[in-house]
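This report describes a protein chain as it appears in a model. The sequence and structure are shown first, and the description follows.

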Amino acid sequence: MRFWFSKKKNSPEYSDNKKKNNDEIYKAILKNREAIDALEKKQVQVEKKIKQLEIEAKQKVQNNQMNSAKILLKRKKLYEQEIENILNNRLTLEDNMINLENMHLHKIAVSALSYAANTHKKLNNEINPQKVEKIIDTIQENKDMQEEINQALSFNLINNVDDDEIDKELNLLKEQSLEEKLSAKVNNIPAIPNENINVPNKERQNVNFNEESDDEELKELIGEMT
């Protein structure tokens, strides 16, 4: 029960209505607790009387006072019935107190669910499918616009290049390539020996053929350069 009694009545987190409801629940549980405490005290007193009556009844039996012993036992039965009534009342009060606690917990749970539902509804109103679609469309429009800007900037950069300079650089590369080919062919021409060397006719024909091929390639390269 400390859970219920430890709450501050003037807590600022509760409104006036909630405070009133909590005070009513507190009072109801407190009254049940007071009634249970009173029944417990009464039960202790009755149990003492029952024990005392048992002792007195035994003494009467020992003294052969049977009628007095019967009267004492009848009184003992009445007190035992009272004990049963006390236990039943305690059980009813405790059950009622448990129900009050559960009702209060249910109230807290329902209040939390209601607050969550209202918050959810508010968020749905703020973030509905139409607004989400509009946001997505805006993002896509911005993305398309950025793409167009990038393309425009790239196009301007390409157009700013001078075509004449590109043609000059291209011709220069062609000349360099032809010069490299010509230099390579010249270096591959075999040297003519000063002395007469006896070469077989077949090999001499191959040499003459290679020289003629090299001469033709040189002529083509020179023609390309001019």
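A residue is called buried when its relative accessible area is under 20%, exposed when that area is over 50%, and partly exposed in between. The model discussed here is predicted. By the cut-off for burial, asparagine 32 is buried, because its relative accessible area is 7%.

**Overall architecture**

The protein chain contains six helices and zero strands. Read from the N terminus on, its elements follow the order α-α-α-α-α-α. Of its 226 residues, 12% count as buried. The chain exposes about 19400 Å², and carbon and sulfur atoms supply 53% of that area. Among contacts between residues at least 6 apart in sequence, 73% join residues at least 24 apart.

Helix H3 covers residues 66–126. At 1.5 Å a residue, its 61 residues should span 90 Å, and its end C-alpha atoms are 90 Å apart, so the expected and computed values agree. The buried residues of H3 are Ala69, Leu72, Lys76, Tyr79, Ile83, Ile86, Arg90, Met97, Leu100, Glu101 and His104.

**The surroundings of asparagine 32**

Asparagine 32 belongs to helix H2, which comprises residues 16–62. A polar atom of the asparagine 32 side chain lies 2.7 Å from the backbone oxygen of alanine 28. With neighbours within four places in sequence left aside, asparagine 32 is in contact with Leu93, Asn96, Met97 and Leu100. Two of these partners, Met97 and Leu100, are listed among the buried residues of H3.

**Salt bridges**

The structure holds seven salt bridges. Three of them are set out below.

| Pair | Closest N to O distance |
|---|---|
| Glutamate 40 and arginine 90 | 3.1 Å |
| Glutamate 54 and lysine 76 | 3.5 Å |
| Arginine 90 and glutamate 94 | 3.5 Å |

The side chains of glutamate 40 and arginine 90 meet in a salt bridge. Glutamate 40 lies in helix H2 and arginine 90 in helix H3, so this pair ties together parts that are 50 residues apart in sequence. Glutamate 40 counts as partly exposed because its relative accessibility is 30%, whereas arginine 90 is buried, with a relative accessible area of 19%.

Arginine 90 also forms a salt bridge with glutamate 94. Arginine 90 and glutamate 94 both lie in helix H3, four residues apart, about one turn of the helix. An α-helix has 3.6 residues a turn, so residues three or four places apart point the same way. Glutamate 94 is partly exposed, with a relative accessible area of 29%.

A salt bridge also joins the side chains of glutamate 54 and lysine 76. This pair links distant parts of the chain, with glutamate 54 in helix H2 and lysine 76 in helix H3, 22 residues apart. At 35% relative accessibility, glutamate 54 counts as partly exposed, while lysine 76 counts as buried at 12%. Salt bridges that share partners join Glu54, Lys76, Lys77 and Glu80 into one network.

**A nonpolar surface patch**

On the surface, Ile127, Val132 and Ile136 form a nonpolar patch. Together these residues have about 270 Å² of accessible area. Isoleucine 136 lies in helix H4, which comprises residues 129–159.

Methods
Residues numbered from 1 in each chain as written. Predicted model: local features only at pLDDT ≥ 70, side-chain atom pairs only at ≥ 80, totals over all residues. Heavy atoms only, no water. Helix = DSSP H or I, 4+ residues; strand = E, 2+ residues; numbered from the N terminus. Buried < 20%, exposed > 50% of the residue type's maximum accessible area, 1.4 Å probe, protein only. Polar contact = N/O pair within 3.5 Å; in protein donor to acceptor, adjacent residues only side chain to side chain. Contact = heavy atoms within 4.5 Å. Patch = residues over 30% accessible without salt bridge, like charges linked within 9 Å, V, L, I, M, F, W, Y side chains within 5 Å. Areas by Shrake-Rupley, 256 points an atom, 1.4 Å probe, with all protein chains shown as cover. Salt bridge = Lys/Arg side-chain N within 4 Å of Asp/Glu carboxyl O. Expected span 1.5 Å × (residues − 1).
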